[in-house]
Amino acid sequence: MPSVSLKTKGTTLLLCLISFTLGLFLNSFPSYGNRFFPVERQVNVAPVSRVVSENTRKGHLANETEIGAPTPDLMIRSGKSPVVGPSLFEDDDNKKDKEVVVYADTPISNKNDSHVNDKVTFDNKSAPIKNGQTKTVNKAQSLLRTGGRYSITATQLLNKAIGFISPDVRASFANKTGMKYDKSKSAIMWSNTMNAQKKWAVLKDGMRQLGYEQRLPTIICLGLKKAGTTAFLYYLVKHPQISRALLDEVHYFSIDYGRGIDYYRSRMGFSTAMMLQFEKSPSYFVFDDVPQRMLKDLPASVKFVVCVRDPLERTISDFRHEYELKLNRKRSRAAGETPVTQAKHFVETIIDSNDRVDPSSGFIIESLYSKHFKNWLKSFPRDRFYILSQERVKKDLYTELKNVEKFLDLEPFYERSMFYYNEQRHAPCMHSGCPPTSTPGFLPKAALSPAILRKLRDFFRPYNREFEELTQMNFSWTNL
Ligand SMILES: Nc1ncnc2c1ncn2[C@@H]1O[C@H](COP(=O)(O)OS(=O)(=O)O)[C@@H](OP(=O)(O)O)[C@H]1O
């Protein structure tokens, strides 16, 4: 008996030693992008309520070719609902315990990226998740190596980063690093043997030598959704001291916080210490946790721009936007939709069974500006916010941008002669171009009855007045 026991102990010791050595060996490889010992990252599928907005945004992104957004690698569906998801038309509470199906529309195969070399089709893999929880879905890992809800490959991200570097800085970078440079195309000529990771390393190093780094933002547009944020991004990044994020919307502090600050920084453009790093994510203003998270993680000097608009108009625009997503942005699926049917859908969504404005509707909650702003004022003083009203932008964009310049201590750049009012768009443009649109806009605007309009006006008025008090500003829509 004792000899058997000793033998067992010896075997156990030997096994321990082997596994310890193997562990050390494996850990000596980098966890990212190693093809032989891939250390799989966990992909946390968002809680169902978040999946819905992620899902709609993925659809949004896939169709947003006008602003150069990449096709998403991964889409998330809920149950048997349409591709662009169950939409925000359902109450979050009803989504408890629903099944989500995570799948990739197309296999991912990018030969230039060692870390996404593996072809993965991910059909019908279902992951039951509960509201408020996350669950790991193993097979999706290789799809999301570059991480984040706007999952793009390292090559795509690199192309964006280079695209946002001015041609003269690009030329200096090539000069500094000895890279070949095609002057006629202002293009860096990478060697065919370099994979995306290597290119990123060279880019970061060369840019650092020129004084450029990927820095955390000190100026953020917090929203609001449908209040002209796309146009504001367009005008602001024309300023030479502003460096934009690599994605049009990052949604890190609201939806992707679990990815960590390095992920967030990797989504920023290259800027010098004299520049301001900017990003906009319209979800930030209405997510309760965002102010505290920003207070903890961002430079102390961070400032915010809040785009606002008549809350009634915002709600109608938001509804149309979401309804177009519900129709998968397909004009053909809108056959039969008229201003009257849209009004009917709208009323069914925001008016409750007691014939009152439903205060739990997401469309309504998002328009209660004072409710959200009070939350922000718990973390940041009033003077950190520039409130940009869409109505003022439409009337006199130049003056608003000059005010923003002052608020951000930027060098004077904007001149009145840069702008004109585009009658067809009913919005201001720059002579160098017009902002892209954020919605296809094929659905007719809901023709709401005077009674519904009155009901909504009465509902929003106290919140509008409170917002005026909090901001110490006047808005044309407050007392309507
Ligand atoms: N130049 C300019 N200035 C101000 N506002 C403009 C401008 N151009 C467009 N728009 C209107 O802005 C609405 C879309 O807002 P967002 O870009 O914030 O939408 S999104 O949240 O990014 O989807 C959207 O409103 P609706 O047309 O009512 O839907 C746009 O028409």
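I began with threonine 230, where an N or O atom of the side chain lies 2.5 Å from an oxygen atom of the ligand, which I entered as a polar contact, that is, a pair of N or O atoms within 3.5 Å. I note that this is a predicted model, in which local features need pLDDT of at least 70 and side-chain atom pairs count only at pLDDT 80 or more, while totals for chains, interfaces and linings use all residues. Residues are numbered from 1 along each chain as its sequence is written, and side-chain values use heavy atoms, with hydrogens and water left out.

**Ligand contacts.** I then looked up lysine 226, and found a backbone N or O atom of this residue 3.0 Å from an oxygen atom of the ligand. At glutamine 390 the partner is a nitrogen atom of the ligand, 2.9 Å from an N or O atom in the side chain. Of the 640 Å² of accessible area that the ligand has on its own, I recorded 84% as covered by the protein (Shrake-Rupley method, 1.4 Å probe).

**The shell.** I listed 22 residues around the ligand, of which Thr229, Thr230, Tyr235, Arg309 and Ser317 come nearest; a residue enters this list if one of its heavy atoms lies within 4 Å of the ligand. Sorted by class, the shell holds 8 nonpolar, 7 polar and 7 charged residues, where Asp, Glu, Lys and Arg count as charged, Ala, Val, Leu, Ile, Met, Phe, Trp, Tyr, Cys and Pro as nonpolar, and the others, Gly among them, as polar. Helix 6 (229-236), helix 9 (311-326), helix 13 (390-407) and strand 16 (427-430) each supply at least two residues of this shell, and helix 6 gives the most, with 4 residues. Helices (H or I, at least four residues) and strands (E, at least two) are DSSP runs numbered from the N terminus.

**Cysteines.** I counted 1 disulfide, taking the term as a pair of cysteine sulfur atoms within 2.5 Å. The pair is cysteine 429 and cysteine 434, with sulfur atoms 2.0 Å apart, and the torsion about their S-S bond is about 110 degrees, so I entered the disulfide as right-handed. Cysteine 429 is buried at a relative accessible area of 0%, whereas cysteine 434 is partly exposed at 22% (buried means under 20%, exposed over 50%, partly exposed in between, with a 1.4 Å probe and protein chains only).

I also checked cysteine 221, whose closest cysteine sulfur, in cysteine 307, is 3.9 Å away and therefore too far for a bond. Cysteine 221 counts as buried at 1% relative accessibility, and cysteine 307 likewise counts as buried at 1%.

Technical notes: Polar contact = N/O pair within 3.5 Å; in protein donor to acceptor, adjacent residues only side chain to side chain.
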